[in-house]
Amino acid sequence: MTVLLNDFRAQWSAVGAEVLAAVDRVGASGWYILGREVERFESALASAWGLPHAVGVGNGLDAIEIGLRCLGIRPGDKVLTTPLSAFATTLAVMRCGGVPVFVDTDASGLLDLDRCRNVLSRNPGIRFVVPVHLYGHCVDLESLEALREEFDLRIVEDCAQAIGARFRGRGVGTVGQVAAAGADSGFQSIRLRPRDGRGTPPVARARRGQGTSATRTRILRGRARAGPRRFGFRSGIARRPRSVERSIQRAAAGKHR
Ligand SMILES: Cc1ncc(COP(=O)(O)O)c(C=O)c1O
């Protein structure tokens, strides 16, 4: 018997009807970008994650980039990350003008947090880390949290390959100020960690006049505009999710729940 590594036909037989209905719904609505379908997707994901905000963006690469920018990255900032990931992880850092600093993996192939501690101790200027939960496996979230506290880190967790994964009962994405998910997990979105219980990560709160991180993310994905207002973010980008993609993902995810 041949067992395929990936059998997308099997997936289609499970979710095809819901997917076609979702496409039909979006087409009939005439609303292809953002809109109600994306809002439904965002609230389904936020409630699955137990958080007040999830913001849909174009793809996982955008989620990491926008997450870093929401956390205040500036050109030239160094970002610790792993060399073993999809290229999108590093590309997101580079698109912000950041400088990737690769730290080797541990025996399981995940970012080695002991090595990170060494690098951070020797380089006190490094504030950003993008750990990757690879192949469905979690980075040790307790050690990551300890590092965050010790070095006052801004963390975007790359959850693209591990959206529902847990470490000792704790879900991925609960340590970084931002969690990013991508196409492999079926979701392209940004999840914002409510450190103070109100959905406002501390970095965003410190930046007066720019609203919460959720608001900032929404503004950034829409070319730095919110209604008639233009914001001073230097390069707003058009990374708005397509309604049809998100409605398909919601249909498919619902079927697999
Ligand atoms: C670990 C990881 N990070 C980021 C991404 C980027 O996601 P997307 O392809 O949606 O841009 C991927 C997707 O391949 C990934 O596997």
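# Strands, helix α2 and weak spots in a predicted model

Analyst: One place to start is a bridge between two strands, where L80 has V129 in β4 as its partner. Please keep in mind throughout that this is a predicted model.

User: Ok, and how do β2 and β4 pair, parallel or antiparallel?

Analyst: Strand β2 and strand β4, which covers residues 128-130, run in the parallel sense and are joined over three bridges.

User: Which other strand does β2 pair with, and over how many bridges?

Analyst: Strand β2 (residues 78-81) also pairs with strand β3 (residues 99-102), again in the parallel sense, and here the pairing extends over four bridges. Within that pairing, V79 stands opposite P100 in β3.

User: What does the chain pass through on its way from β2 to β3?

Analyst: Between β2 and β3 the chain passes through helix α4, residues 87-95, and the resulting β-α-β crossover is right-handed.

User: Let's look at β8. Are its faces covered or open?

Analyst: Strand β8 (residues 178-181) is covered on both faces, since V178 and A180 on one side and A179 and A181 on the other are all buried. That division fits a general pattern, as side chains in a regular strand alternate between the two faces of the sheet.

User: And which strand pairs with β8?

Analyst: Strand β5, residues 154-158, pairs with β8 in the parallel sense over three bridges, and V156 is the residue that stands opposite V178.

User: Switching to helices: how far apart are the ends of α2, and what span should I expect?

Analyst: Helix α2 runs over residues 35-49, and because its 15 residues at 1.5 Å a residue should span 21 Å, the 21 Å between its end C-alpha atoms agrees with expectation.

User: Which residues of α2 are buried?

Analyst: The buried residues of α2 are E37, V38, F41, E42, L45 and W49. Viewed down the axis of α2, they fall within an arc of 135°, so they line one face of the helix. In general, an α-helix has 3.6 residues a turn, so residues three or four places apart point the same way.

User: What comes right after α2?

Analyst: Helix α2 is followed by G50, which has a positive phi, near 70°.

User: Which residues other than glycine have a positive phi?

Analyst: Two examples are L34, with a positive phi of about 50°, and R168, with a phi near 45°. L34 sits in the loop between α1 (8-29) and α2, whereas R168 lies in the loop between β6 (166-167) and β7 (170-171).

User: Why is L34 counted as partly exposed, and where does R168 fall, buried or exposed?

Analyst: L34 counts as partly exposed because it has 18 C-beta neighbours inside 10 Å, while R168, with 8 other C-beta atoms within 10 Å, is exposed.

User: Now the whole chain. What is it made of?

Analyst: The protein chain has nine helices and eleven strands, and buried residues make up 42% of its 257 residues. Among its contacts with a separation of 6 or more, 63% join residues 24 or more positions apart.

User: Where should I be careful with the coordinates?

Analyst: The average pLDDT of the chain is 79, and 76% of the residues score at least 70, but pLDDT stays under 50 over residues 184-188, where the model has 24 contacts beyond four places in sequence. Residues 193-211 also have a pLDDT below 50, with 31 contacts in the model beyond near neighbours in sequence. Where pLDDT is low, the predicted coordinates should not be read in detail.

Conventions:
Residues are numbered from 1 along each chain as its sequence is written. This is a predicted model: local features need pLDDT of at least 70, side-chain atom pairs count only at pLDDT 80 or more; totals for chains, interfaces and linings use all residues. pLDDT is the predictor's confidence in each residue, from 0 to 100. Two residues are in contact if their C-beta atoms, placed from the backbone, lie within 7 Å. A residue is buried if 20 or more other C-beta atoms lie within 10 Å of its own, exposed if 12 or fewer, and partly exposed in between; C-beta atoms are placed from the backbone. The expected span of a helix is 1.5 Å times one less than its number of residues. The arc is that of the directions from the helix axis to the C-beta atoms. Two strands pair if DSSP finds at least two bridges between them. A crossover is right-handed if, with the strands pointing away from the viewer, the path from the first strand over the helix to the second runs clockwise.
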